[in-house]
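Reader: I'd like a close look at the enclosed empty space in this model and the residues around it. Please start with the part that a database record marks for binding, then work outwards.

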Amino acid sequence: MKLKDKHCIVVGLGKSGLATCRFLKERGARVQAFDISKTIEENTLKDLGVEVHLGQNPTGEEEADLVVMSPGIPLDLPFVQAFLKHKVEVTGEVELAYRFAKGSFLGITGTNGKTTTTTLLGDLLSFVSYDTRVVGNIGAPVIEEVQTSGDDTFFVTELSSFQLETVKEFKCRVAGILNVTPDHLNRHGSLENYGNIKANIFMNQEEDDVAVLNFEDGFVRSLGEKCRAKVLWFSVRQRVSPGLYLKDGQIISTLKGEDEVLFARSEVALAGDHNMENVLMAMCMAYSVGVSFDAMRMVLNVFQGVEHRLEFVRELGGIRYINDSKGTNPDASTKAVEAFEGNLILIAGGMDKKVSFDTFVEAFQGKVKTLILLGETKKMIQECAERHGFRDVILVEDMKEAVERAHSIAVEGDLVLLSPACASWDMYPSYEVRGEDFKSRVRELKEK
């Protein structure tokens, strides 16, 4: 694919958009960049020779050979349809990066657990000195790592549904789906459509590639018959073959046919069944590229998880504070609630993604003492809680008030848990910023 002197348009100037602009300019393309925000710092792009348009999207009538969309921007907008009508290719940063990258892609997707699994898989590969780049939805845009990649490079890539919407040629040597539960229905319309977009991760795989599937998720399990690649299974509840499963506190492999006990669950630092699913999937993927189980065991013994996912912040007066800002949908936050014995003061609420909160509220039984709600969904979640008979609800305006109210009512032995069950975008630019706000407010608290 030649980019020199091509007319390229980049829509959205977040991390991936900015990296894409730099990549295109380095290859001699003519670049226009658009972002509906008026507060983007544009000097760096102008210094690169990028024509910047803030406060607007393109019209779809601009001269263009290629349009690269940032993942947060819907593809059904009129200007996108106009470009497609004019036979202009519309793609995403991951797809563009793939066309220029050397090496192999290991792709991880799913509604929940992607970041933990991606981080762990990156650690497993790095431990045995593979040239490992942990990229995608987790942090560095893929396109930033393309220039220095080689034939032995492994791109350990977290992929959101937004990123998988625009793949065409993108292919993973090893790809896995953790789970598919309701999320982003405001963007994708239905759970079926959302799941089918997730399944794009297998779209271009061939018989020599590997697909890793969660046997306990009905939708994911159904993909096993559709994958052209060799399928490996994982399960925390029952025997699967070929793959890995958990039984009687032991991790067991059927990857070579017969059952082989690898090591005890107690040797894995991460707690919770949801984290064991993450562990088993990462192990299957690492095995597929030659990492030994002995090496995995050493990494798993010390791997503590990721920031903003059930992250311990501090203990004050016998009260523990936990940051689970990465709980951006009801299923993720349900798992967070289930990870603790009880005595929870739960802070939740955020942007409305058009999903149900019933299952989330049902998990409160015997665990949540008080629910503190903020954001645009606070009254919606309150109404859901009351329908289920839970009425100990406090509505607040911001994180500062939420933390202060939680602190004022908590007693020794309680646990204050931020797990919003919603996206952050009504109040924060990202779940990371939301989590940092929570942590800073908690650290400001004084003994009662």
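Author: One cut-off first: a residue is called buried when its relative accessible area is under 20%, exposed when that area is over 50%, and partly exposed in between. Also keep in mind that this is a predicted model.

Let's start with the record. In an unreviewed entry, UniProt gives a "binding site" made up of Gly110, Thr111, Asn112, Gly113, Lys114, Thr115 and Thr116. Two of that set, Asn112 and Gly113, also turn up in the lining of the second largest cavity. That makes Asn112 a handy place to stand while we look around.

Asn112 sits in the loop that links strand 6 (104-109) with helix 5 (114-127). Is Asn112 buried or exposed? Its relative accessible area is 7%, and buried means under 20%, so Asn112 is buried. As for what covers it, leave out residues up to four places away in sequence, and Asn112 touches Leu178, Asn179, Thr181, Asn329, Asp331 and Ala332. Of those contacts, hold on to Asn179, as Asn179 comes back in the cavity lining.

Now step along to Lys114, another member of the recorded binding site. Lys114 belongs to helix 5. Its relative accessibility is 9%, so Lys114 counts as buried too. With the same sequence neighbours set aside, the contacts of Lys114 are Ile108, Thr109, Asn137, Glu158, Leu159, Leu178 and Lys198. Leu178 is on that list, and Leu178 also touches Asn112.

On to the empty space itself. Rolling a probe the size of a water molecule over the atoms shows where empty space is left. How many cavities of 30 Å³ or more does the search of the whole structure find? It finds two.

The second largest cavity, which has Asn112 and Gly113 in its lining, holds about 50 Å³. Around it are Asn112, Gly113, Asn179, His274, Glu277, Asn278, Arg309 and Lys335. Helix 10 (residues 273-288) supplies the largest share of this lining, with three residues. Sorted by class, the lining has five polar and three charged residues, and no nonpolar ones.

Arg309 and Lys335 in that lining point us to another annotation. UniProt, again in an unreviewed entry, places a "domain: Mur ligase C-terminal" at residues 308-422. Over that stretch the chain is 30% helix and 25% strand, and its end C-alpha atoms are 14 Å apart. Right after Arg309 comes Leu310, which has a positive phi of about 50 degrees although it is not a glycine. Leu310 is in the loop between helix 11 (293-300) and strand 15 (311-316). At 22% relative accessibility, Leu310 counts as partly exposed.

The largest cavity has another set of residues around it. About 60 Å³ of space lies in it. Its lining consists of Ser16, Met69, Pro71, Gly92, Glu93, Val94, Phe162, Gln163 and Thr166. Helix 4 (93-100) and helix 6 (161-164) are the elements that each give two or more residues to that lining. By class, this lining splits into four nonpolar, four polar and one charged residue. So if you set the two linings side by side, the largest cavity has four nonpolar residues, while the second largest has none.

Moving outwards, there is some backbone detail to check around strand 12 (243-247). The peptide bond from Ser241 to Pro242 is cis, with omega near -5 degrees. Pro242 lies in the loop between strand 11 (230-235) and strand 12. Those two strands run parallel and are joined by three bridges, and Trp233 stands opposite Gly243 of strand 12. Strand 12 also pairs with strand 13 (residues 250-253), this time in the antiparallel sense over four bridges. Within that pairing, Leu244 has Ser253 as its partner. The hairpin of strand 12 and strand 13 has two residues between the strands, and in it Asp248 takes a positive phi near 50 degrees. As for cover, four of the five residues of strand 12 are buried.

One last stop is Asp5, in the segment before strand 1 (7-11). Its phi is near 65 degrees, a positive value in a residue other than glycine. Asp5 has a relative accessibility of 42%, so it counts as partly exposed.

How values were computed
Residues numbered from 1 in each chain as written. Predicted model: local features only at pLDDT ≥ 70, side-chain atom pairs only at ≥ 80, totals over all residues. Heavy atoms only, no water. 1 Å grid on protein atoms, 1.4 Å probe; cavity = no way out; pocket = protein on both sides within 12 Å on 5 of 7 lines; lining within 4 Å. Points joined across faces, edges and corners; volume = space filled by probe spheres on them. Nonpolar A, V, L, I, M, F, W, Y, C, P; charged D, E, K, R; others polar. Buried < 20%, exposed > 50% of the residue type's maximum accessible area, 1.4 Å probe, protein only. Pairing = 2+ DSSP bridges. UniProt positions renumbered as here; feature names shortened; annotations may be inferred. Contact = heavy atoms within 4.5 Å.
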